[in-house]
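Me: I'm new to protein structures and would love some help reading one. Could we go through it feature by feature?

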Amino acid sequence: MPNGILLALLAYASYSGSDAVIKSLGGQFTVFEIGFFVTLFAGCLLFFTRPANERWRDFWRMKRPWAVQARAWCGIASGVLSVYAFTHIPLAEVYALIFLAPLLVTVLSTVILKEKVGPWRWLAVVAGFAGVMLVVRPGFRELNLGHLAAFVNAFLAATSVILMRSLAQQEKRTSMLGVLVGYGLLFNGAGAATAAFALPNPVQFAWLAMAGAFTAGGQLMQLLAAKYAPANRIAPMHYSQIVWAVILGALFFHEYPDVLSLIGLAVVGASGLLTMVREEVRLGTVRWNPFSRIRL
């Protein structure tokens with residue numbers, strides 16, 4: 001189990017590294033071009049992570065193709081919105097809003113899955129939104145489209161988790177990933193072609209490749225972590241990204257959260273962890289946390 005937890009921590013650190021590189025590329029390329037190259041490089045590396053009992057040439061054979069494609073489109077939209085958010089607002093604020101996803105799963109599960117939600121989980125939802133308000137502080141600071149993009153990203157992540165609950169035991173990983181990569185390349189490629197495309201220089205290519213490698217590395221280490229530790233031990237490591245957001249933001253982008261923002265981030269993390277604890281007590285597992293994030 002310690003190996004699984006360590007791998008999960010490394011996976012989320014790798015994801016944070018990818019997000020930081022994407023942020024550093026803001027202003028140099030359109031969101032579509034960044035998304036295209038990151039998906040391309042990540043997809044090339046993830047090609048070698050195929051499970052032994054699956055074949056890439058069969059990725060298009062699906063039992064529920066519309067649900068798989070809906071999940072993929074959630075991932076594509078999430079990828080575009082996340083690039084926009086990371087390149088326009090501080091890292092800590094993006095993560096605070098994105099980490100509303102497990103709380104939004106609670107809300108959506110009552111509407112879509114007709115699940116009963118107890119007072120503790122509703123308390124976690126209220127606390128999570130209060131924590132975000134401490135970080136973002138609408139009315140006391142200027143909000144922009146980056147904040148909206150991050151919030152919609154959280155909603156898409158929650159929707160994807162709801163879809164994953166019904167697909168996890170029915171569809172192959174190659175199908176889920178293959179459709180996501182294929183659509184991602186087509187959508188971002190079309191967007192990059194119609195927008196102001198700028199051919200990256202060798203240094204920029206290296207940074208884009210690094211972002212893709214960090215993403216692929218995170219996916220691979222998360223899969224390996226699942227072999228050594230159960231989901232209810234891996235899932236809490238997700239919130240280590242809050243720490244990375246503060247560290248990377250301060251080191252490379254001169255973003256220094258104040259005391260209220262740090263308290264808000266802590267509240268968001270605690271509310272998410274409370275949600276997981278209640279899920280484990282009620283269901284014996286953590287169902288909202290997939291083994292790979294919805295975007296590349």
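Reply: Happy to help; we will look at rings, cores, a cavity, a pocket and two single residues. Keep in mind that this is a predicted model.

Me: Let's begin with the rings. How many aromatic pairs does a search of the whole structure find?

Reply: The search finds eleven aromatic pairs. Take Phe47 and Phe48: their ring centres are 5.7 Å apart and their planes meet at 90°. The pair is edge-to-face because planes over 60 degrees apart count that way.

Me: Are those two rings buried or exposed?

Reply: Relative accessibility tells you. Phe47 has 48%, so this residue counts as partly exposed. Phe48 has 70%, so this one counts as exposed.

Me: Which residues form an aromatic cluster?

Reply: Phe32, Trp73, Tyr183 and Phe187 form one. Rings can have charged neighbours as well: Lys23 lies over the face of Phe253, 5.4 Å from the ring centre.

Me: Now the inside. What is the general idea behind a nonpolar core?

Reply: In soluble globular proteins, nonpolar side chains tend to be buried together. In this model, the largest nonpolar core has 36 residues. Those with the most contacts inside this core are Phe86, Val94, Leu97, Phe99, Leu100, Val132 and Leu265.

Me: Which helix gives the largest share of this core?

Reply: That is α4, with seven residues. Several helices each supply at least two residues, among them α3 (65–86), α6 (119–136) and α12 (259–283). To see one member up close, pick Val132: leaving out residues up to four places away in sequence, Val132 touches Ala96, Leu97, Leu100, Arg137 and Val268. There is also a second, separate core of 15 residues, which includes Trp56, Val68, Met176 and Leu296.

Me: How should I read empty spaces? How many cavities of 30 Å³ or more does the search find?

Reply: It finds two. The second largest cavity has a volume of about 130 Å³. This cavity is lined by 14 residues, and the closest to its centre are Thr39, Gly75, Gly79, Asn188 and Leu296. Helices α2 (31–46), α3 and α8 (173–194) each supply at least two residues of the lining, and α3 gives the largest share, five residues.

Me: And the second largest pocket? What is its volume, and which residues line it?

Reply: The volume of the second largest pocket is about 210 Å³. Its lining includes Ala13, Gly17, Trp207, Trp244 and Phe253. At least two lining residues come from each of α1 (2–24), α9 (202–228) and α11. The largest share, five residues, comes from α1.

Me: Could we finish with single residues? Where is Ser78, and is this residue buried or exposed?

Reply: Ser78 sits in helix α3. Its relative accessibility is 0%, so Ser78 counts as buried. Leaving aside neighbours within four places in sequence, Ser78 is in contact with Asn153, Leu156, Ile294 and Arg295.

Me: What about Leu167? Which residues are in contact with Leu167, beyond its neighbours within four places in sequence?

Reply: They are Arg64, Ala67, Val68, Arg71 and Met176. Leu167 lies in helix α7 and has a relative accessible area of 1%, so this residue is buried. For a sense of distance, compare sequence with space: Leu167 and Val203 are 36 residues apart in sequence and 40 Å apart in space, C-alpha to C-alpha.

Key: Residues numbered from 1 in each chain as written. Predicted model: local features only at pLDDT ≥ 70, side-chain atom pairs only at ≥ 80, totals over all residues. Heavy atoms only, no water. Phe/Tyr/Trp six-rings, centres within 6.5 Å; stacked < 30°, edge-to-face > 60°. Buried < 20%, exposed > 50% of the residue type's maximum accessible area, 1.4 Å probe, protein only. Lys NZ or Arg CZ within 6 Å of the ring centre and 35° of its normal. Core = buried A, V, L, I, M, F, W, Y, C linked by side-chain atoms within 4.5 Å. Helix = DSSP H or I, 4+ residues; strand = E, 2+ residues; numbered from the N terminus. Contact = heavy atoms within 4.5 Å. 1 Å grid on protein atoms, 1.4 Å probe; cavity = no way out; pocket = protein on both sides within 12 Å on 5 of 7 lines; lining within 4 Å. Points joined across faces, edges and corners; volume = space filled by probe spheres on them.
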